[in-house]
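Please open the structure in your viewer and keep the sequence panel beside it. This tour proposes one selection after another and says what is found at each stop.

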Amino acid sequence: MATADRSAGHISFRQVWSDLLFIHWEVRPEAVADLFPPGTRPDVIDGRTFVGLVFFEMRDLSFAKGPVLPVIGRFPEINVRLYSIDRTGRRGVVFLSLDCARLLPTLTARGVYGLPYRWASARRLRFDDRLLYTVRRRGPAGPRSHVWATVKASERRTGPLDEFLTARWGLHARAWGRTYYWPLEHEPWLFRQVDLLSLEDGLVRAATGLPVAASPPASVLYSPGLPVRFGIPYRVE
């Protein structure tokens, strides 16, 4: 599995992502092109691009080399994302929404970094090999999502599409009238075999306007997780 082609540099945040479910649908690049920040465009593989719905638990959140934040440093997060490339060839992720079960991290990420975090009621439950995520965005008629999956012990071998969807070493975001690239680094992913038992989702349509989540996904991946280190965001010219 690929590793970052460069260090993230000075570390601003550390965190651990665990029990990740990556669910993806193919979309036409022109159908989502208007959702990308200036200076970026849809990244493609064999002429295709994808929208992702990613469930995971965030834990051990800390600033730089500081201690892990108590209580607020652990929560489920569910994001809707697209795949970007900028004018210099840096590949990344564009987040359309990030639903978070903690209010303070939500307000901080929105206010300081301009990321589209949303406060939500969310939980992760694990029953032996069964994994359940549920989320409901707070507010009137907030979109919901829930997923059931069976995680197996056997390792899953990766292919070019898996690499395209998960070997991403930064994110592109628009904040304060500018486009930024925020680098990150982590060890290679370890994936396991997974069976998707059920999925009902309103987050992808709320973020994109596309009804793709009503169709079977093109890719479902599971990883037990890994530590992640974020660098300092810098401007995309």
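**A first pair of side chains**

Begin by selecting R59 and D60, whose side chains meet in a salt bridge with 3.2 Å between N and O. As you look, keep in mind that the model is a predicted one. R59 has a relative accessibility of 28% and counts as partly exposed, and D60, with a relative accessible area of 34%, is partly exposed as well.

**From one bridge to a network**

How many salt bridges does a search of the whole structure find? The search finds 14, and the next one to select is the pair D19 and R124, where the closest N and O atoms are 2.7 Å apart. D19 belongs to strand β1 and R124 to strand β6, which covers residues 117-127, so this pair ties together parts of the chain that are 105 residues apart in sequence. Is D19 buried or exposed? Its relative accessibility is 8%, and because buried means under 20%, D19 counts as buried. R124, by contrast, is partly exposed, with a relative accessible area of 22%.

Stay on D19 a little longer and examine its backbone, since this residue has a positive phi of about 50° although it is not a glycine.

Now select E57 and R74, whose side chains form a salt bridge at 3.1 Å, N to O. E57 lies in strand β3 and R74 in the loop between β3 and β4, so the bridge ties together parts that are 17 residues apart in sequence. With a relative accessibility of 9%, E57 counts as buried, while R74, at 45%, counts as partly exposed. If you then show D19, E57, R74, R124 and R126 together, you have five residues that are linked in a network of salt bridges.

**A turn of the backbone in a loop**

Move next to W176, which is placed in the loop between β9 and β10. Its phi is near 55°, a positive value in a residue other than glycine. W176 has a relative accessibility of 64%, and because exposed means over 50%, it counts as exposed.

**Two buried residues in strands**

Select V94 in strand β5, a residue that is buried, with a relative accessible area of 3%. Which residues does V94 touch, if those up to four places away in sequence are not counted? They are L35, F36, P37, V80, R81, L82, S84 and H172. For H172, compare sequence with space: V94 and H172 are 78 residues apart along the sequence, yet their C-alpha atoms are 5.4 Å apart.

Then go to H186 in strand β10, which counts as buried at 5% relative accessibility. Leaving aside neighbours within four places in sequence, H186 is in contact with R168, W169, L226, P227, V228 and R229.

**The largest pocket**

For the last stop, select Q15, M58, E77, Y117 and F230, which lie nearest the centre of the largest pocket among the 35 residues that line it. About 570 Å³ of space lies in this pocket. Which kinds of residue make up the lining? It divides into 26 nonpolar, six polar and three charged residues. Colouring by secondary structure helps here, for several elements each supply at least two residues of the lining, including the strands β1 (13-27), β3 (49-63) and β4 (75-86) and also α2 (103-113). Strands β5 and β10, where you found V94 and H186, are also among the elements that supply at least two residues each.

Notes
Residues are numbered from 1 along each chain as its sequence is written. This is a predicted model: local features need pLDDT of at least 70, side-chain atom pairs count only at pLDDT 80 or more; totals for chains, interfaces and linings use all residues. Side-chain values use heavy atoms; hydrogens and water are left out. On a 1 Å grid over the protein atoms alone, a cavity is a set of points where a 1.4 Å probe fits but cannot get out, and a pocket is an open set with protein on both sides within 12 Å along at least five of seven lines; lining residues have an atom within 4 Å of a point. Grid points are joined across faces, edges and corners, and a volume is the space filled by probe spheres set on the points. Helices (H or I, at least four residues) and strands (E, at least two) are DSSP runs, numbered from the N terminus. Ala, Val, Leu, Ile, Met, Phe, Trp, Tyr, Cys and Pro count as nonpolar, Asp, Glu, Lys and Arg as charged, and the others, Gly among them, as polar. Buried means under 20% relative accessible area, exposed over 50%, partly exposed in between (1.4 Å probe, protein chains only). Contact means heavy atoms within 4.5 Å. A salt bridge is a side-chain nitrogen of Lys or Arg within 4 Å of a carboxyl oxygen of Asp or Glu.
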